[in-house]
Amino acid sequence: YTIIGFLVLPPVVKRIAEKKLVEALHRQVTIQKIKINPYILSLDALGFRLKEQDGGQDFFSFHRFHINLQIISIFKLAPVVKECRMEEPYCNIVRKESGAYNFSDILDSLAKGRKADDPAAKPKDSSGGFGFSVSNIQIKNGSADISDQPMRKVHSARDLNIGIPFISSMESHIEVFVSPRFSALINGRPFLISGNTKPFADSFETIVNLSLENIDLPHYYEYIPVKSGIRMEQGALDMNIDVSYIQYKNRSPELTASGEISLKNLFLKDFSGASLLKLDLLRLMPDSSNLIAGDVSFSEIAVHSPEITIGRNDKGDINILELFPPSEKEDHIEGRGVAGRLVVNAKNFGLRSLKILFSDAFKTQENRVDQRELFNLPEFNISGFVLDTGKQEILIDEITALQGGIWLGRTESSDLW
């Protein structure tokens, strides 16, 4: 047992791991050394390197990856990990001129691998899912470089340290010595998120506070890989949220969120550069939402001064129909289950100063734009709103509204849209 564990298994695991990773990612992968301790069920991978697609510099690497399984994994027939630690990871991310990333080929390879698996051919698991428990997750002294070629900018992250006490889908009794934490130097500026843990007799709770102020959204909007016809010209985000993850002994875990999220001074343009949406304020106040169960609750949703412009250009294209490219129709697989249930509760929803405009440049005289106000509503309130996708119903306790206005007629082009 000693000879096999210490001397025979490490080179075999190293060779198999390198081969499987190359087949899955279609890139050069090397592992310097594998160490296995069969007595404490630990594995260490040293000197890992995943190359760029052209085989040049490293895309991702780390100095050491350590994982320590528990003997109870054998009896539970599921992995129970006491500690999972990665030391000195590095990642080099490049956003190319085309908008694609230097890891897009990896995502494509993984997606093709998933499509190759026929879900209909696999027997359904009646056990309720795959059980696992991973405790004391750590990333130590990580770093990353992000090169944005279209924007001619380079971003950096140094001294990246992450601590996650546990992630588990089943009961476990592993000693937790890691506190929730995220710290790094982002472009030379310190960034810190920390939390605390609360062990109880029948549960274990981890609480993290997320506090952000006046985040410039257009700066980050360009990095969203989903293509659309929307251009974000202006917008800022404030957030003060307490996120709590509770692991119970005898029932499903809960992920709750409460606090306040505010989106301010939003200005969006459509594909032609014309105004699409202006918004002074969107304020969301989550109220102990259980996100894992699909229960999203708000004590208040407030929308102030939204101005929506529906536009038609000189070719007859309507902007709201061109915002997102048509998605490929999914093949219907017999026996596929319905999406999970979602319940949205809002105690109070308030809308102030709504305006909907119609801007028309189709068949107008002298190619000028004909713009009209289609609809306006000074005030609109809903109390006791419930949307339940499982029951397919909407419940409302009360609706109040002030007098508004609506315009009906033809545009200058005499074509009804």
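**Cysteines, a bent helix and a nonpolar patch**

Searching the whole of this structure turns up 0 disulfides. Keep in mind as you look around that the model is predicted. A disulfide, after all, is a covalent bond between the sulfur atoms of two cysteines. Two cysteines can be placed by their surroundings: Cys84 has a relative accessibility of 15% and therefore counts as buried, the cut-off being 20%. Cys91 is buried too, with a relative accessible area of 17%.

Now turn to helix 1, which covers residues 2-25. Its 24 residues reach 34 Å from the first C-alpha to the last, close to the 34 Å expected at 1.5 Å a residue. Where does helix 1 bend? Look at Leu9: the helix bends there by about 45 degrees, and Pro10 follows within four residues. Pro10 is also one of the buried residues of helix 1, alongside Gly5, Glu18 and Leu25. Just past the helix comes His26, and its phi is positive, near 55 degrees.

Leu9 leads us on to the surface, as it belongs to a nonpolar patch there. With Leu9 in this patch are Tyr1, Ile3, Ile4, Phe6, Leu7, Val8, Tyr39 and Ile40, and the members together have about 950 Å² of accessible area. Val8 is a good residue to pause on: it lies in helix 1, and its relative accessibility is 42%. Is Val8 buried, partly exposed or exposed? Since buried means under 20% and exposed means over 50%, Val8 counts as partly exposed.

Conventions
Residues are numbered from 1 along each chain as its sequence is written. This is a predicted model: local features need pLDDT of at least 70, side-chain atom pairs count only at pLDDT 80 or more; totals for chains, interfaces and linings use all residues. Side-chain values use heavy atoms; hydrogens and water are left out. Patches are made of residues with over 30% relative accessible area and no salt bridge: like charges are joined within 9 Å, nonpolar side chains (Val, Leu, Ile, Met, Phe, Trp, Tyr) within 5 Å. Accessible areas come from the Shrake-Rupley method with a 1.4 Å probe; for residues, only the protein chains shown count as cover. A salt bridge is a side-chain nitrogen of Lys or Arg within 4 Å of a carboxyl oxygen of Asp or Glu. Helices (H or I, at least four residues) and strands (E, at least two) are DSSP runs, numbered from the N terminus. Buried means under 20% relative accessible area, exposed over 50%, partly exposed in between (1.4 Å probe, protein chains only). The expected span of a helix is 1.5 Å times one less than its number of residues. The bend at a residue is the angle between axes fitted to the seven residues ending there and the seven starting there. A disulfide is a pair of cysteine sulfur atoms within 2.5 Å.
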